[in-house]
Amino acid sequence: MKQRVLVTGGAGFLGSHLTDRLLAEGFSVVCMDNLITGSTDNIAHLAGNRDYQFIHHDVSEFIYLDGPVYAVVHFASPASPLDYHELPIQTLKVGSLGTHKALGFAKAKGARFLIASTSEVYGDPLVHPQPESYWGNVNPVGPRGVYDEAKRFSEAMTMAYHRVHGVDTKIVRIFNTFGPRMRLNDGRAIPNFMMQSLTDKPITVFGDGSQTRSFCFVSDLIDGIFRLLQSDLHDPVNIGNPLEWTLLQMAEAIREISGTGSQIVHKPLPVDDPKVRQPDITRAKAELGWEPRVDLNEGLRQTMEDFRRRIELEKVGA
Ligand SMILES: NC(=O)c1ccc[n+]([C@@H]2O[C@H](COP(=O)([O-])OP(=O)(O)OC[C@H]3O[C@@H](n4cnc5c(N)ncnc54)[C@H](O)[C@@H]3O)[C@@H](O)[C@H]2O)c1
(Lines give C-alpha, C1' and ligand atoms only; values in the text may rest on other atoms or scores of the structure.)
Protein backbone atom coordinates (compact mmCIF):
# COMPACT_ATOMS: atom_id res chain seq x y z
CA MET A 1 0.00 0.00 0.00
CA LYS A 2 1.35 3.41 -0.93
CA GLN A 3 1.37 6.13 1.74
CA ARG A 4 -1.48 8.56 1.11
CA VAL A 5 -1.32 12.36 1.24
CA LEU A 6 -4.34 14.66 1.38
CA VAL A 7 -3.63 17.87 -0.54
CA THR A 8 -6.23 20.58 0.08
CA GLY A 9 -6.25 23.13 -2.73
CA GLY A 10 -4.64 20.47 -4.93
CA ALA A 11 -6.25 21.80 -8.13
CA GLY A 12 -4.45 25.12 -7.73
CA PHE A 13 -1.13 26.27 -9.15
CA LEU A 14 1.13 25.08 -6.32
CA GLY A 15 -1.05 22.21 -5.08
CA SER A 16 -1.04 20.57 -8.52
CA HIS A 17 2.76 20.81 -8.82
CA LEU A 18 3.19 19.37 -5.33
CA THR A 19 0.82 16.55 -6.30
CA ASP A 20 2.99 15.70 -9.32
CA ARG A 21 6.05 15.55 -7.08
CA LEU A 22 4.33 13.38 -4.46
CA LEU A 23 3.11 10.94 -7.14
CA ALA A 24 6.61 10.83 -8.64
CA GLU A 25 8.02 10.02 -5.16
CA GLY A 26 5.66 7.04 -4.83
CA PHE A 27 2.84 8.47 -2.70
CA SER A 28 -0.84 8.30 -3.51
CA VAL A 29 -2.71 11.61 -3.41
CA VAL A 30 -6.22 12.72 -2.58
CA CYS A 31 -6.96 16.25 -3.76
CA MET A 32 -9.73 18.14 -1.99
CA ASP A 33 -10.67 21.37 -3.73
CA ASN A 34 -13.82 23.42 -4.30
CA LEU A 35 -12.31 24.97 -7.47
CA ILE A 36 -13.01 28.50 -6.22
CA THR A 37 -9.72 29.73 -7.73
CA GLY A 38 -8.26 26.44 -9.02
CA SER A 39 -9.01 24.58 -12.24
CA THR A 40 -9.44 21.01 -13.41
CA ASP A 41 -7.06 21.96 -16.26
CA ASN A 42 -4.24 21.75 -13.68
CA ILE A 43 -5.05 18.12 -12.87
CA ALA A 44 -6.46 16.91 -16.21
CA HIS A 45 -3.22 14.99 -16.86
CA LEU A 46 -3.92 12.89 -13.73
CA ALA A 47 -7.25 11.51 -14.97
CA GLY A 48 -7.11 7.71 -14.84
CA ASN A 49 -4.10 7.64 -12.49
CA ARG A 50 -4.91 4.91 -9.96
CA ASP A 51 -2.88 6.65 -7.26
CA TYR A 52 -4.88 9.85 -7.56
CA GLN A 53 -8.35 10.86 -6.42
CA PHE A 54 -10.15 14.20 -6.72
CA ILE A 55 -12.87 15.18 -4.25
CA HIS A 56 -14.86 18.37 -4.83
CA HIS A 57 -15.23 19.75 -1.33
CA ASP A 58 -15.02 23.03 0.60
CA VAL A 59 -12.46 22.31 3.34
CA SER A 60 -13.94 25.03 5.56
CA GLU A 61 -16.57 22.30 6.15
CA PHE A 62 -15.96 19.00 7.97
CA ILE A 63 -13.32 16.82 6.28
CA TYR A 64 -13.73 13.06 6.15
CA LEU A 65 -11.85 10.25 4.40
CA ASP A 66 -11.80 6.53 5.11
CA GLY A 67 -8.50 4.76 5.76
CA PRO A 68 -4.98 5.75 6.80
CA VAL A 69 -3.38 9.04 5.79
CA TYR A 70 0.36 9.75 6.02
CA ALA A 71 0.21 13.53 5.66
CA VAL A 72 -2.17 16.46 5.23
CA VAL A 73 -0.88 19.35 3.16
CA HIS A 74 -3.15 22.36 3.55
CA PHE A 75 -2.78 24.57 0.48
CA ALA A 76 -6.42 25.63 0.04
CA SER A 77 -6.76 29.42 -0.01
CA PRO A 78 -7.27 32.18 -2.53
CA ALA A 79 -3.71 33.41 -3.01
CA SER A 80 -3.46 36.32 -5.40
CA PRO A 81 -4.42 39.84 -4.24
CA LEU A 82 -7.10 39.97 -6.95
CA ASP A 83 -8.64 36.76 -5.57
CA TYR A 84 -8.65 37.68 -1.91
CA HIS A 85 -10.04 41.14 -2.65
CA GLU A 86 -12.93 39.43 -4.43
CA LEU A 87 -13.26 36.62 -1.87
CA PRO A 88 -12.42 38.20 1.51
CA ILE A 89 -14.78 36.10 3.63
CA GLN A 90 -13.91 32.81 1.90
CA THR A 91 -10.23 33.68 2.43
CA LEU A 92 -10.75 34.26 6.15
CA LYS A 93 -12.88 31.12 6.44
CA VAL A 94 -10.43 28.78 4.74
CA GLY A 95 -7.53 30.20 6.75
CA SER A 96 -9.38 29.81 10.05
CA LEU A 97 -12.15 27.18 9.79
CA GLY A 98 -10.39 25.32 6.97
CA THR A 99 -7.12 25.14 8.89
CA HIS A 100 -8.98 23.97 11.98
CA LYS A 101 -10.75 21.23 10.00
CA ALA A 102 -7.53 20.13 8.29
CA LEU A 103 -5.67 20.01 11.62
CA GLY A 104 -8.51 18.08 13.27
CA PHE A 105 -8.40 15.60 10.41
CA ALA A 106 -4.60 15.21 10.71
CA LYS A 107 -4.94 14.66 14.45
CA ALA A 108 -7.64 12.01 13.97
CA LYS A 109 -5.48 10.15 11.42
CA GLY A 110 -2.17 10.55 13.30
CA ALA A 111 -0.90 12.23 10.11
CA ARG A 112 1.81 14.83 9.77
CA PHE A 113 0.54 18.27 8.73
CA LEU A 114 2.04 21.00 6.57
CA ILE A 115 0.47 24.40 6.02
CA ALA A 116 1.19 26.77 3.15
CA SER A 117 1.75 30.08 4.89
CA THR A 118 3.18 33.13 3.20
CA SER A 119 5.70 35.94 3.27
CA GLU A 120 2.61 38.17 3.67
CA VAL A 121 2.71 37.36 7.39
CA TYR A 122 5.60 39.88 7.45
CA GLY A 123 3.30 42.57 5.95
CA ASP A 124 5.17 45.67 4.80
CA PRO A 125 8.37 44.59 6.57
CA LEU A 126 10.50 46.88 8.71
CA VAL A 127 13.28 44.27 8.76
CA HIS A 128 15.04 43.35 5.54
CA PRO A 129 15.61 40.59 4.49
CA GLN A 130 13.00 38.79 6.58
CA PRO A 131 14.13 35.99 8.90
CA GLU A 132 11.51 33.68 10.43
CA SER A 133 12.07 35.39 13.80
CA TYR A 134 10.61 38.68 12.48
CA TRP A 135 7.00 39.17 13.68
CA GLY A 136 5.88 41.41 10.85
CA ASN A 137 4.17 44.72 10.20
CA VAL A 138 0.61 43.99 9.14
CA ASN A 139 -2.40 46.28 8.87
CA PRO A 140 -5.24 44.03 10.11
CA VAL A 141 -8.04 46.23 8.70
CA GLY A 142 -6.47 47.14 5.34
CA PRO A 143 -7.53 45.42 2.10
CA ARG A 144 -4.71 42.84 2.40
CA GLY A 145 -5.57 42.12 6.05
CA VAL A 146 -8.02 39.34 5.15
CA TYR A 147 -5.23 37.25 3.68
CA ASP A 148 -2.37 38.23 5.99
CA GLU A 149 -4.38 37.76 9.16
CA ALA A 150 -5.95 34.51 7.94
CA LYS A 151 -2.45 33.13 7.45
CA ARG A 152 -1.20 34.48 10.78
CA PHE A 153 -4.19 32.87 12.49
CA SER A 154 -3.56 29.59 10.67
CA GLU A 155 0.07 29.58 11.84
CA ALA A 156 -1.09 30.18 15.44
CA MET A 157 -3.67 27.39 15.17
CA THR A 158 -1.07 25.04 13.70
CA MET A 159 1.35 25.67 16.59
CA ALA A 160 -1.51 25.20 19.09
CA TYR A 161 -2.31 21.76 17.61
CA HIS A 162 1.36 20.89 17.81
CA ARG A 163 1.74 22.04 21.41
CA VAL A 164 -1.60 20.81 22.77
CA HIS A 165 -2.26 17.68 20.70
CA GLY A 166 1.28 16.77 19.65
CA VAL A 167 0.45 16.85 15.93
CA ASP A 168 3.61 16.69 13.82
CA THR A 169 3.13 20.08 12.12
CA LYS A 170 5.21 22.10 9.67
CA ILE A 171 4.79 25.66 8.45
CA VAL A 172 6.23 26.88 5.16
CA ARG A 173 6.32 30.62 4.54
CA ILE A 174 6.19 30.80 0.77
CA PHE A 175 7.63 33.84 -0.99
CA ASN A 176 6.45 34.87 -4.47
CA THR A 177 6.56 31.86 -6.74
CA PHE A 178 5.93 31.60 -10.46
CA GLY A 179 5.81 28.94 -13.14
CA PRO A 180 3.62 27.04 -15.60
CA ARG A 181 -0.09 26.68 -14.61
CA MET A 182 -0.36 30.10 -12.97
CA ARG A 183 -3.73 31.49 -14.02
CA LEU A 184 -3.45 33.77 -17.04
CA ASN A 185 -5.63 36.40 -15.33
CA ASP A 186 -4.26 35.73 -11.84
CA GLY A 187 -3.45 39.42 -11.31
CA ARG A 188 0.06 38.94 -9.87
CA ALA A 189 3.00 40.72 -11.47
CA ILE A 190 4.55 37.95 -13.57
CA PRO A 191 1.31 36.63 -15.14
CA ASN A 192 0.22 40.23 -15.78
CA PHE A 193 3.46 41.16 -17.50
CA MET A 194 3.41 37.94 -19.54
CA MET A 195 -0.20 38.28 -20.65
CA GLN A 196 0.35 41.91 -21.59
CA SER A 197 3.56 41.11 -23.51
CA LEU A 198 2.10 38.13 -25.34
CA THR A 199 -1.01 40.07 -26.39
CA ASP A 200 0.98 43.21 -27.30
CA LYS A 201 -0.76 45.37 -24.68
CA PRO A 202 0.96 48.02 -22.53
CA ILE A 203 2.86 46.45 -19.60
CA THR A 204 1.52 48.03 -16.41
CA VAL A 205 3.95 48.59 -13.54
CA PHE A 206 2.56 49.96 -10.27
CA GLY A 207 4.32 53.05 -8.90
CA ASP A 208 7.78 53.71 -10.32
CA GLY A 209 8.54 49.98 -10.22
CA SER A 210 11.33 50.32 -7.65
CA GLN A 211 9.51 48.10 -5.13
CA THR A 212 11.24 44.72 -4.89
CA ARG A 213 10.11 41.11 -4.85
CA SER A 214 12.01 37.85 -4.78
CA PHE A 215 10.70 35.35 -7.29
CA CYS A 216 11.18 31.61 -6.94
CA PHE A 217 10.61 29.11 -9.75
CA VAL A 218 7.96 26.57 -8.86
CA SER A 219 10.13 23.42 -9.05
CA ASP A 220 12.57 24.92 -6.53
CA LEU A 221 9.74 25.81 -4.14
CA ILE A 222 8.18 22.34 -4.39
CA ASP A 223 11.53 20.75 -3.63
CA GLY A 224 11.85 22.85 -0.45
CA ILE A 225 8.31 21.93 0.61
CA PHE A 226 8.92 18.24 -0.04
CA ARG A 227 12.05 18.34 2.12
CA LEU A 228 10.20 20.20 4.90
CA LEU A 229 7.35 17.68 4.85
CA GLN A 230 9.82 14.90 5.57
CA SER A 231 11.78 16.84 8.20
CA ASP A 232 11.16 16.95 11.93
CA LEU A 233 11.00 20.77 12.01
CA HIS A 234 7.99 22.50 13.58
CA ASP A 235 8.98 26.17 13.46
CA PRO A 236 8.16 28.18 10.32
CA VAL A 237 10.62 27.95 7.41
CA ASN A 238 10.98 30.56 4.66
CA ILE A 239 11.15 29.09 1.18
CA GLY A 240 11.85 31.54 -1.60
CA ASN A 241 14.57 32.86 -3.82
CA PRO A 242 16.63 35.59 -2.11
CA LEU A 243 17.54 37.14 -5.44
CA GLU A 244 15.76 40.49 -5.31
CA TRP A 245 14.29 42.10 -8.45
CA THR A 246 12.60 45.44 -8.80
CA LEU A 247 9.25 45.10 -10.54
CA LEU A 248 10.57 47.32 -13.31
CA GLN A 249 13.49 44.92 -13.89
CA MET A 250 11.05 42.01 -14.05
CA ALA A 251 8.80 43.84 -16.53
CA GLU A 252 11.83 44.58 -18.73
CA ALA A 253 13.09 40.98 -18.57
CA ILE A 254 9.67 39.64 -19.59
CA ARG A 255 9.32 42.19 -22.37
CA GLU A 256 12.68 41.10 -23.75
CA ILE A 257 12.02 37.34 -23.55
CA SER A 258 8.63 37.72 -25.24
CA GLY A 259 10.02 39.83 -28.08
CA THR A 260 7.00 42.16 -27.85
CA GLY A 261 6.98 45.81 -28.85
CA SER A 262 4.76 46.64 -25.80
CA GLN A 263 5.63 49.76 -23.83
CA ILE A 264 5.91 49.87 -20.04
CA VAL A 265 3.33 52.22 -18.44
CA HIS A 266 3.02 53.17 -14.76
CA LYS A 267 -0.11 53.06 -12.57
CA PRO A 268 -0.71 54.19 -8.96
CA LEU A 269 0.57 51.87 -6.22
CA PRO A 270 -2.15 49.75 -4.54
CA VAL A 271 -2.89 50.41 -0.82
CA ASP A 272 -0.46 48.70 1.62
CA ASP A 273 1.66 47.31 -1.23
CA PRO A 274 4.89 46.04 0.41
CA LYS A 275 7.93 48.03 -0.69
CA VAL A 276 10.47 45.26 -0.22
CA ARG A 277 10.32 41.50 0.10
CA GLN A 278 13.28 39.16 0.36
CA PRO A 279 13.54 35.88 2.25
CA ASP A 280 16.34 35.10 4.65
CA ILE A 281 16.77 31.40 3.83
CA THR A 282 19.48 30.61 6.38
CA ARG A 283 17.17 28.16 8.17
CA ALA A 284 16.13 26.31 5.00
CA LYS A 285 19.78 26.00 3.96
CA ALA A 286 20.97 24.77 7.35
CA GLU A 287 18.06 22.51 8.29
CA LEU A 288 16.85 21.22 4.93
CA GLY A 289 19.98 21.56 2.79
CA TRP A 290 17.77 23.54 0.40
CA GLU A 291 18.45 26.49 -1.83
CA PRO A 292 17.00 27.54 -5.19
CA ARG A 293 18.81 26.18 -8.24
CA VAL A 294 16.82 27.19 -11.33
CA ASP A 295 18.11 30.16 -13.26
CA LEU A 296 15.28 32.71 -13.21
CA ASN A 297 15.56 33.61 -16.88
CA GLU A 298 15.18 29.91 -17.70
CA GLY A 299 12.16 29.77 -15.36
CA LEU A 300 10.66 32.79 -17.11
CA ARG A 301 11.17 31.16 -20.52
CA GLN A 302 9.42 27.93 -19.40
CA THR A 303 6.53 29.93 -17.94
CA MET A 304 6.25 32.07 -21.07
CA GLU A 305 6.04 28.91 -23.24
CA ASP A 306 3.19 27.60 -21.08
CA PHE A 307 1.39 30.96 -21.26
CA ARG A 308 1.86 31.16 -25.04
CA ARG A 309 0.40 27.65 -25.48
CA ARG A 310 -2.63 28.40 -23.31
CA ILE A 311 -3.32 31.75 -25.00
CA GLU A 312 -3.29 29.92 -28.36
CA LEU A 313 -5.72 27.30 -26.98
CA GLU A 314 -8.02 30.08 -25.75
CA LYS A 315 -7.94 31.69 -29.19
CA VAL A 316 -9.15 28.51 -30.87
CA GLY A 317 -11.71 28.03 -28.10
CA ALA A 318 -10.23 24.71 -26.90
N1 LIG B 1 1.77 31.27 -5.35
C2 LIG B 1 2.48 31.92 -4.46
O3 LIG B 1 3.40 32.66 -4.82
C4 LIG B 1 2.16 31.80 -2.97
C5 LIG B 1 2.89 32.59 -2.10
C6 LIG B 1 2.63 32.46 -0.74
C7 LIG B 1 1.71 31.54 -0.28
N8 LIG B 1 1.00 30.79 -1.16
C9 LIG B 1 0.02 29.85 -0.63
O10 LIG B 1 0.08 28.61 -1.32
C11 LIG B 1 -1.23 28.06 -1.44
C12 LIG B 1 -1.53 27.77 -2.90
O13 LIG B 1 -1.46 28.98 -3.65
P14 LIG B 1 -1.63 28.98 -5.23
O15 LIG B 1 -0.78 30.06 -5.76
O16 LIG B 1 -1.48 27.60 -5.75
O17 LIG B 1 -3.14 29.47 -5.37
P18 LIG B 1 -4.34 28.87 -6.23
O19 LIG B 1 -5.46 29.82 -6.14
O20 LIG B 1 -3.86 28.47 -7.59
O21 LIG B 1 -4.67 27.53 -5.44
C22 LIG B 1 -5.46 27.50 -4.29
C23 LIG B 1 -6.42 26.33 -4.39
O24 LIG B 1 -7.21 26.27 -3.19
C25 LIG B 1 -8.57 25.99 -3.56
N26 LIG B 1 -9.43 26.46 -2.47
C27 LIG B 1 -9.59 27.72 -1.99
N28 LIG B 1 -10.48 27.73 -0.98
C29 LIG B 1 -10.88 26.45 -0.79
C30 LIG B 1 -11.78 25.81 0.11
N31 LIG B 1 -12.46 26.49 1.03
N32 LIG B 1 -11.93 24.46 0.01
C33 LIG B 1 -11.27 23.74 -0.92
N34 LIG B 1 -10.41 24.29 -1.80
C35 LIG B 1 -10.22 25.63 -1.74
C36 LIG B 1 -8.75 26.75 -4.87
O37 LIG B 1 -9.85 26.31 -5.63
C38 LIG B 1 -7.41 26.49 -5.56
O39 LIG B 1 -7.44 25.30 -6.32
C40 LIG B 1 -2.19 29.06 -0.80
O41 LIG B 1 -2.48 28.65 0.52
C42 LIG B 1 -1.40 30.34 -0.80
O43 LIG B 1 -1.81 31.20 0.24
C44 LIG B 1 1.21 30.90 -2.50
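**Exercise 1. Decide whether Asp200 is buried or exposed, and describe its backbone.**

Asp200 has a relative accessibility of 57% and therefore counts as exposed, where exposed means over 50% relative accessible area, buried under 20% and partly exposed in between, with a 1.4 Å probe and protein chains only. Asp200 belongs to the loop between α5 (189-198) and β8 (203-206), helices (H or I, at least four residues) and strands (E, at least two) being DSSP runs numbered from the N terminus. Although Asp200 is not a glycine, its phi is positive, at about 55°. Most residues other than glycine have a negative phi, and most peptide bonds are trans.

The model is predicted, so that local features need pLDDT of at least 70 and side-chain atom pairs count only at pLDDT 80 or more, while totals for chains, interfaces and linings use all residues. Residues are numbered from 1 along each chain as its sequence is written, and side-chain values use heavy atoms, with hydrogens and water left out.

**Exercise 2. Carry out the analysis of phi and accessibility for Leu35.**

Leu35, a residue other than glycine, has a positive phi near 60°. Its place is in the loop between β2 and β3 (52-56). With a relative accessible area of 26%, Leu35 is partly exposed.

**Exercise 3. Classify the ring pair of Phe27 and Phe226, and state which parts it ties together.**

The structure holds six aromatic pairs; rings of Phe, Tyr and Trp (its six-membered ring) pair if their centres lie within 6.5 Å, and planes under 30 degrees apart count as stacked, over 60 as edge-to-face and the rest as tilted. For Phe27 and Phe226 the distance is 6.3 Å centre to centre and the angle between the planes is 75°, which gives an edge-to-face pair. Phe27 lies in the loop between α1 (13-24) and β2 (28-33) and Phe226 in helix α6 (residues 218-230), so the pair ties together parts that are 199 residues apart in sequence. Both Phe27 and Phe226 are buried, and ring pairs link them with Tyr70 into a cluster.

**Exercise 4. Classify the ring pair of Tyr122 and Tyr134, then identify the peptide bond that joins His128 and Pro129.**

The ring centres of Tyr122 and Tyr134 are 6.0 Å apart and their planes stand at 20°, so the pair is stacked. Both residues lie in the loop between β5 (112-118) and α4 (145-165), and the pair therefore ties together parts that are 12 residues apart in sequence. Tyr122 and Tyr134 are both buried. Pro129 lies in the loop between β5 and α4, and the bond joining His128 to Pro129 is a cis peptide bond with omega about -5°.
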